Amino acid sequence: MSDDERGLVLFLGDSVTAGGSWAERLPDERTDNRGVNGDTTDGVLERLDDIVQAAPDVIVLLIGTNDFGNHRKSAEHVVRNVETILVTLRRELPGVRLLLVSVLPRQAEYAPRIEEANRHLRQFVATCHAQYLDVWPALADGDHLAAQFTDDGLHLTDEGYRAYTAELVPALERLRGLPPMSRPITAIELDEASA
């Protein structure tokens with residue numbers, strides 16, 4: 001598939017997204033990095049109009065860790081806001097492919113709330129025809145972000161981004177293999193797929 005045929009992949013989130021250098025890490029993709037340092041689920045909700053205006057084909061959403069860290073919000077707050085973000089994006093961009101990335105591990109003290117939020121979000125995504133990418137197994141050492149992937153217990157190092165990208169690339173390929181949500185799969189396509 002040529003670059004012209006590939007749709008725009010928009011990365012939405014906080015500093016982990018902002019620091020991703022997605023154009024370099026994913027050279028075969030057309031990317032738009034909408035990560036904002038320090039952002040929270042409330043912040044993403046406030047800027048959804050700009051995301052809708054960009055009309056991407058794929059949205060990769062990674063948000064929530066700052067709600068827990070800087071703002072001491074509950075898992076319920078994060079879950080409710082992420083659900084609202086996903087439902088709004090589905091309503092405003094019915095054909096977009098949505099990939100929700102689990103809230104990443106960080107220092108151990110945050111693990112119970114993060115794990116609770118991730119558990120609820122994993123169950124919710126199908127409701128709005130989104131996919132869920134659980135990166136916790138690839139990045140965690142028990143209840144915290146593995147030391148080889150971080151210098152401060154929160155942000156990813158280059159090695160951390162490599163581990164994250166190794167999970168992200170196959171997830172994007174699987175996502176593209178699914179039909180857009182704005183049209184049903186036809187019987188002809190099903191016949192061709194089984195041939």
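Gly19 counts as partly exposed, at 37% relative accessibility, and this glycine is found in the loop between helix α1 (15–18) and helix α2. The model described here is a predicted one. Although Gly19 and Thr157 are 138 residues apart along the chain, their C-alpha atoms are separated by 9.5 Å. The loop between α1 and α2 is also the place of Ser21, a residue other than glycine whose phi is nevertheless positive, near 45°. Ser21 is partly exposed, with a relative accessible area of 34%.

A positive phi is also found at Arg72, where the angle is about 55° although the residue is not a glycine. Arg72 is placed in the loop between α5 (65–69) and α6, and with a relative accessible area of 55% this arginine is exposed.

**The chain as a whole**

The secondary structure of the chain comes to ten helices and seven strands. Of the 195 residues in the chain, 50% are buried. When contacts between residues at least 6 apart in sequence are considered, 68% of them join residues that are at least 24 apart.

**The packing of α6 and α7**

Two packed helices are described by the angle between their axes together with the distance between those axes. For helix α6 (residues 75–92) and helix α7 (residues 111–124), the angle is about 30° and the axes lie 9 Å apart. Because angles under 35 degrees count as roughly parallel, α6 is roughly parallel to α7. The crossing in which α6 passes α7 is right-handed. On the side of α6, the contact is made by Ala75, Val78, Val79, Val82, Glu83, Leu86 and Val87, while α7 contributes Arg113, Glu116, Ala117, His120, Leu121 and Phe124. Sorted by character, the residues of this contact between α6 and α7 divide into nine nonpolar, one polar and three charged.

**Salt bridges**

The structure holds eight salt bridges, and the table lists three of them, each with the distance between nitrogen and oxygen.

| Salt bridge | N to O distance |
|---|---|
| Arg25 and Asp158 | 2.7 Å |
| Asp32 and Arg34 | 3.1 Å |
| Glu92 and Arg91 | 3.2 Å |

What does the pair of Arg25 and Asp158 tie together? Arg25 lies in helix α2 (residues 22–25) and Asp158 in helix α9 (residues 158–177), so the pair ties together parts that are 133 residues apart in sequence. Arg25 is partly exposed, with a relative accessible area of 22%, and Asp158 likewise counts as partly exposed, at 43% relative accessibility. The pair also belongs to a network of salt bridges in which Arg25, Asp158 and Arg162 are linked.

In the salt bridge of Asp32 with Arg34, the closest N and O atoms are 3.1 Å apart. Is Asp32 buried or exposed? With a relative accessible area of 19%, Asp32 is buried, because the cut-off for a buried residue is under 20% relative accessible area. Its partner Arg34 counts as partly exposed, at 25% relative accessibility.

The remaining pair in the table joins Glu92 to Arg91. Here Glu92 is partly exposed, with a relative accessible area of 41%, whereas Arg91 is exposed, with a relative accessible area of 54%.

Notes:
Residues numbered from 1 in each chain as written. Predicted model: local features only at pLDDT ≥ 70, side-chain atom pairs only at ≥ 80, totals over all residues. Heavy atoms only, no water. Axes fitted to C-alpha atoms, helices over the stretch in contact; angles between N-to-C directions. Helix = DSSP H or I, 4+ residues; strand = E, 2+ residues; numbered from the N terminus. Parallel < 35°, antiparallel > 145°, perpendicular 65-115°, else oblique. Left-handed = near helix turned anticlockwise from the far one by under 90°. Contact = heavy atoms within 4.5 Å. Nonpolar A, V, L, I, M, F, W, Y, C, P; charged D, E, K, R; others polar. Salt bridge = Lys/Arg side-chain N within 4 Å of Asp/Glu carboxyl O. Buried < 20%, exposed > 50% of the residue type's maximum accessible area, 1.4 Å probe, protein only.
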